[in-house]
Amino acid sequence: MMQITKTLPAFLIACAVAFPALATDDDKTKLCAEAEERYVELFGHPSSEEEGVTVVTMYKYSFCPAELTVPLGTTVRWVNVDKRTSHSVIVKDSGTPESDRAFPEEFIEFTFLTDGPQEILCGPHWETQEMISRITVDTVEN
Ligand SMILES: [Cu+2]
């Protein structure tokens with residue numbers, strides 16, 4: 001079993017103490033780092049090593065990263081790294097319906113063929129938990 005370090009670098013902790021106003025952003029950063037640790041635990045390699053797809057994790061009512069830009073034609077794979085909760089994906093202005101639920105360790109894929117910003121919602125959690133993210137699709141082809 002792979003050993004995962006759960007200690008934050010000291011400078012991050014120092015920043016959180018020095019700038020309490022940034023605590024929310026810092027919490028998000030920590031949450032997403034935790035989501036990535038879960039990913040490695042489950043799949044044995046970093047999410048960035050998946051070939052042909054860009055991975056977004058779904059974890060504790062958040063998309064990680066919450067904002068990203070991808071080239072036109074990119075396939076995004078949303079992977080549920082939670083232990084119990086299921087999530088779905090709605091690509092708001094795509095005209096496609098809500099995805100099926102992805103249960104823990106399952107994923108949902110969508111290929112972006114239209115450029116511009118897209119709001120991504122989790123069907124059961126966008127309203128109550130603000131599980132929302134934004135993906136901007138570049139005009140430059142992948
Ligand atoms: Cu959700």
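**A hairpin, a sheet and a core**

Okay, let's start with one pair: methionine 58 has phenylalanine 63, over in E2, as its bridge partner. The E in that name marks a strand, and strands (at least two residues) and helices (H or I, at least four) are DSSP runs, numbered from the N terminus.

Before we go on, a word on what you're looking at. This is a predicted model, where local features need pLDDT of at least 70, side-chain atom pairs count only at pLDDT 80 or more, and totals for chains, interfaces and linings use all residues. Residues are numbered from 1 along each chain as its sequence is written.

And pLDDT? That's the predictor's confidence in each residue, from 0 to 100. The mean for this chain is 87, with 82% of residues at 70 or more. Over residues 1-21, though, pLDDT is below 50, and that stretch has 9 contacts in the model beyond near neighbours in sequence. By contact I mean two residues whose C-beta atoms, placed from the backbone, lie within 7 Å.

Now the overall layout. We have 2 helices and 8 strands, and along the sequence the pattern reads α-α-β-β-β-β-β-β-β-β. Of the contacts with a separation of 6 or more, 55% are between residues 24 or more positions apart.

Back to our hairpin. E1 and E2 pair in the antiparallel sense over 3 bridges; two strands count as paired if DSSP finds at least two bridges between them. Tyrosine 59 also has its bridge partner in E2, serine 62. There are 2 residues between the strands, and lysine 60 in this hairpin takes a positive phi near 45°.

E1 has business with E4 too: those two run parallel, joined by 5 bridges. One example is valine 55, whose bridge partner in E4 is arginine 77.

Put that together and you get an open sheet of 4 strands, in the order E2-E1-E4-E6, with mixed pairing. Why is one side of E2 left without a neighbour in the sheet? Because E2 stands at an edge with a single partner strand, and so does strand E6 (107-111) at its own edge.

So what sits in the core? The largest nonpolar core has 21 residues, and those with the most contacts inside it are Met58, Phe63, Trp78, Val81 and Val89. There's our opening pair again, Met58 and Phe63! A nonpolar core here is a set of buried Ala, Val, Leu, Ile, Met, Phe, Trp, Tyr and Cys residues joined through C-beta atoms within 7 Å. Buried means 20 or more other C-beta atoms within 10 Å of a residue's own, exposed means 12 or fewer, and partly exposed is in between, with C-beta atoms placed from the backbone. In general, nonpolar side chains tend to be buried together in soluble globular proteins. Among the elements giving two or more residues to this core are H2, E1 and E2. Phenylalanine 63 also has contacts outside its sequence neighbourhood, including Ile120 and Met131.

Just after E2, have a look at the bond between cysteine 64 and proline 65: it's a cis peptide bond, omega about -5°. Proline 65 is in the loop between E2 and strand E3 (67-72).

Last stop, two glutamates with positive phi. Glutamate 105 has a phi of about 80°, and with 13 other C-beta atoms within 10 Å it is partly exposed. Glutamate 130 has a phi near 55° and counts as exposed, with 12 C-beta neighbours inside 10 Å. That's me done, thanks!

Note on methods
Lists of a residue's contacts leave out its neighbours within four places in sequence.
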